[in-house]
Amino acid sequence: MSRRQVLGIQPVGLFVAAMLALTGCSLVPVEENTFESALLPAISQDNVGSVLARVDEAMTAANTARDPALLAVVAAGALLEIDSARYAVDTLSDPEDASPAPPMSHTDPTAFIPRFADYPQWFVVAAATQEGGPLRLEVLARESAAATWLVSIAPELLPEVEFPVLALDEAGYVVPLGPADLGDLPVDTQTLAEQHAAALRGEAPLDSEPTGEPTDEPTDEPTDEPTGEPSPTSTESGPSATPAGFISAVATPRAATTAATETPADTSAPATPPSTDTPGAASTPDAAAVAAMGAGLAADPWSTARRDADAAASTAVGAAASVTSTYDVQGVVDQALRTEDGGALVFYALGGTRTYAVTPTYYLQLDATTAAIVGKPEVTAELTEQWAAQLAVYIPPDADGAPRVVGGRWDRVGLSGS
Amino acid sequence: MRRVLAWLLVVLGVVVAVPAVATAVWVGTDDTAQTGPHAMTTPGVAVVTKAEIIHYVGPVLHLQVERADGGPVFLGIAHEVDAESYVGQHSRGVVSRLGLPWDVDLEEPEGSVEAVPPPTEQLWWLASVEGSGAQALTWPLPHGRYSIVGLNADGTPGVDLEVTMGLEIAGTFYTLLAIAAFGLLLLLVGVWLLVRRRRRGVTPVTATTLAPDTQSWAPPPDQPRTAADR
């Protein structure tokens with residue numbers, strides 16, 4: 001065999017080997033793991049229903065039993081604190097549970113699901129929880145994969161207010177914002193909550209335009225905003241949404257010398273308008289003045305209703321008591337969502353305290369329910385109402401726009417008197 | 001030169017063909033290489049694999065687990081973040097290396113010995129099975145960071161499992177047969193070269209080349225035959 005012939009075998013062999021190797025590689029579909037992992041959705045759309053069913057079951061049981069421990073299985077933060085306090089009030093005001101809470105049932109929920117690299121994780125659900133009820137915007141969070149989902153806050157969407165369009169990432173999930181991510185916004189959640197509380201106290205401005213679009217001429221009251229009427233959110237949260245509705249006698253003078261100007265009233269009696277020198281008028285923010293303060297938080301229906309309620313409370317008692325309303329920040333939710341315009345949807349809770357300092361020689365006669373809570377039928381010194389608010393607020397991306405409340409819920413969580 | 005090449009082909013053919021045939025027999029026509037059962041035990045709440053042990057993507061993983069006592073067992077596959085969050089604070093057995101067919105490094109990081117919430121209540125499992133007796137799970141290996149978690153169905157500590165693992169790679173059996181055929185081809189070519197060389201290297205013996213006196217040699221008649229001649 002010549003050298004050429006001998007060497008000729010090698011190319012043939014190599015060719016066969018190469019063909020077989022290539023054939024083998026193409027037949028066996030194996031490749032190296034890149035170990036690249038996309039962010040994890042907090043929950044799959046398919047599993048949202050089962051989580052909400054668990055929430056419904058637990059909340060219904062808790063509401064029926066008025067048991068904060070049962071509620072703590074699915075609730076935390078502001079919602080747990082508020083509803084626990086509400087249970088205590090309800091237990092006193094309606095010990096026989098004559099008007100039991102309707103069962104909870106999330107209807108047609110819309111889930112806004114962000115993606116995360118790690119825990120804690122959270123998502124937001126918008127759904128009506130009772131038939132015919134308003135849409136609740138619930139934030140559900142959990143600290144670890146082993147933890148249960150807990151609802152931390154649940155404001156109710158205001159039907160009159162435009163809900164901001166939420167930003168979506170490349171995979172179609174909403175974009176979560178942590179506290180550190182809010183730095184590019186004109187205001188962070190804590191500061192905004194403080195500003196809101198100050199505005200409700202009458203110390204900070206509110207924009208006059210409910211929808212966040214400023215008008216040149218501020219009005220005394222927002223258009224289409226009912227004044228003195230219970231807000232939709234407060235209707236379900238307390239025995240009465242009318243601030244002084246639980247005072248069956250607006251003001252009953254003990255001394256005959258003052259009786260001429262005051263009329264013992266029943267619950268339907270109109271309250272005497274306060275004069276400028278009444279104690280209540282001095283401590284209640286003037287809605288018109290606040291509305292005229294210019295840019296700040298948008299004068300949304302919810303905030304306006306709170307101011308109106310404070311004014312109405314003062315009006316209701318007239319000279320019989322001095323009404324002081326204070327608001328403070330009860331809690332800020334870390335979770336926020338990016339809006340399409342670069343702004344954010346944030347959540348926080350405010351606490352409110354309305355104190356009726358009874359004018360000497362006057363007393364406040366309470367209705368039976370309130371008397372049961374306070375422990376006495378009339379108050380001669382002071383009556384203190386405690387409220388809690390859960391809020392969803394849109395923060396626009398630039399400083400020119402006014403943050404506006406898009407969801408709120410107002411619950412009475414305490415009542416005491418002496 | 002040709003002799004060296006021939007022997008090289010023979011050796012190469014054997015080296016290629018024999019393992020290929022053996023592996024083909026092991027894999028079988030279902031393209032699945034299987035190993036086990038192997039005992040995996042931890043006093044912790046789970047046996048969990050590190051994401052790094054899944055080097056390759058494409059094969060289908062076949063797992064079968066059974067508790068040694070036959071009790072209810074749970075086997076699940078989760079994203080590493082979920083698995084770590086679920087059992088990361090607990091005492092557990094961590095498979096940090098897996099060599100095939102079965103060479104396992106099992107670490108035992110300390111942690112809580114409290115039971116974890118039942119795995120059946122978790123919604124983030126990508127695939128899972130649960131029940132008494134042997135439980136089997138099939139999962140195509142994707143890109144990413146995933147963990148395999150085996151634990152008692154109630155999440156209690158003290159996990160004693162018998163694990164059988166299989167890797168199904170489509171086309172493996174026939175590929176191995178092709179490789180074996182290739183090895184056989186090399187072997188045959190090598191043998192052929194050797195035989196051919198031997199035939200060409202020895203001069204043919206013909207009648208014309210033999211010495212005349214050797215053609216009809218016989219002992220002289222008068223010389224007696226010895227025992228050695230027989």
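Two strands pair if DSSP finds at least two bridges between them. Keep that cut-off at hand for the exercises on this predicted model.

**Exercise 1. Decide whether β1(B) and β11(B) pair, and find the partner of H38(B).**

Step 1. Count the bridges. Strand β11 of chain B covers residues 159-168, and 9 bridges link this strand to β1(B).
Step 2. Apply the cut-off. At least two bridges are needed, so the strands pair.
Step 3. Read the direction. The pairing is antiparallel.
Step 4. Find the partner. H38(B) is bridged to V163(B) in β11(B).

**Exercise 2. Place β1(B) in its sheet and explain what an edge strand lacks.**

Step 1. Write the strand order. In chain B, 4 strands run β1-β11-β4-β9.
Step 2. Name the sheet. The sheet is open, with antiparallel pairing.
Step 3. Look at the edges. β1 (32-42) and β9 (135-140) of chain B stand there.
Step 4. Explain. Each edge strand has a single partner strand, so one side of each has no neighbour in the sheet.
Step 5. Add the twist. From one strand to the next, the twist averages 20 degrees.

**Exercise 3. Describe the side of chain A that touches chain B.**

Step 1. Count both sides. Chain A gives 27 residues to the contact, and chain B gives 33 residues.
Step 2. Find the elements. α1 (3-27), β1 (31-32) and α2 (45-65) of chain A each supply at least two residues.
Step 3. Pick the largest share. α1(A) holds that place with 7 residues.
Step 4. Sort by type. The side of chain A has 15 nonpolar, 8 polar and 4 charged residues.

**Exercise 4. Find a strand pairing that joins chain A to chain B.**

Step 1. Choose the strands. β1(A) pairs with strand β3 of chain B, residues 56-57.
Step 2. Check the cut-off. There are 2 bridges, and at least two are required, so this counts as a pair.
Step 3. Give the sense. The two strands are antiparallel.
Step 4. Name one bridge. E31(A) has V57(B) as its bridge partner.

**Exercise 5. Summarise chain A and say where its confidence is low.**

Step 1. List the elements. Chain A has 10 helices and 18 strands.
Step 2. Check burial. Of its 418 residues, 46% count as buried.
Step 3. Take the average. The mean pLDDT of chain A is 76, and 71% of its residues reach 70 or more.
Step 4. Mark low stretches. In chain A, pLDDT is below 50 over residues 1-9 and under 50 over residues 255-295.
Step 5. Count contacts. Residues 1-9 of chain A have 5 contacts beyond near neighbours in sequence. Residues 255-295 of chain A have 83 contacts beyond four places in sequence.

Technical notes
Residues numbered from 1 in each chain as written. Chains lettered and ligands numbered in written order. Predicted model: local features only at pLDDT ≥ 70, side-chain atom pairs only at ≥ 80, totals over all residues. Contact = placed C-beta atoms within 7 Å. Nonpolar A, V, L, I, M, F, W, Y, C, P; charged D, E, K, R; others polar. Axes fitted to C-alpha atoms, helices over the stretch in contact; angles between N-to-C directions. pLDDT = per-residue confidence, 0-100. Buried ≥ 20, exposed ≤ 12 C-beta atoms within 10 Å, placed from the backbone.
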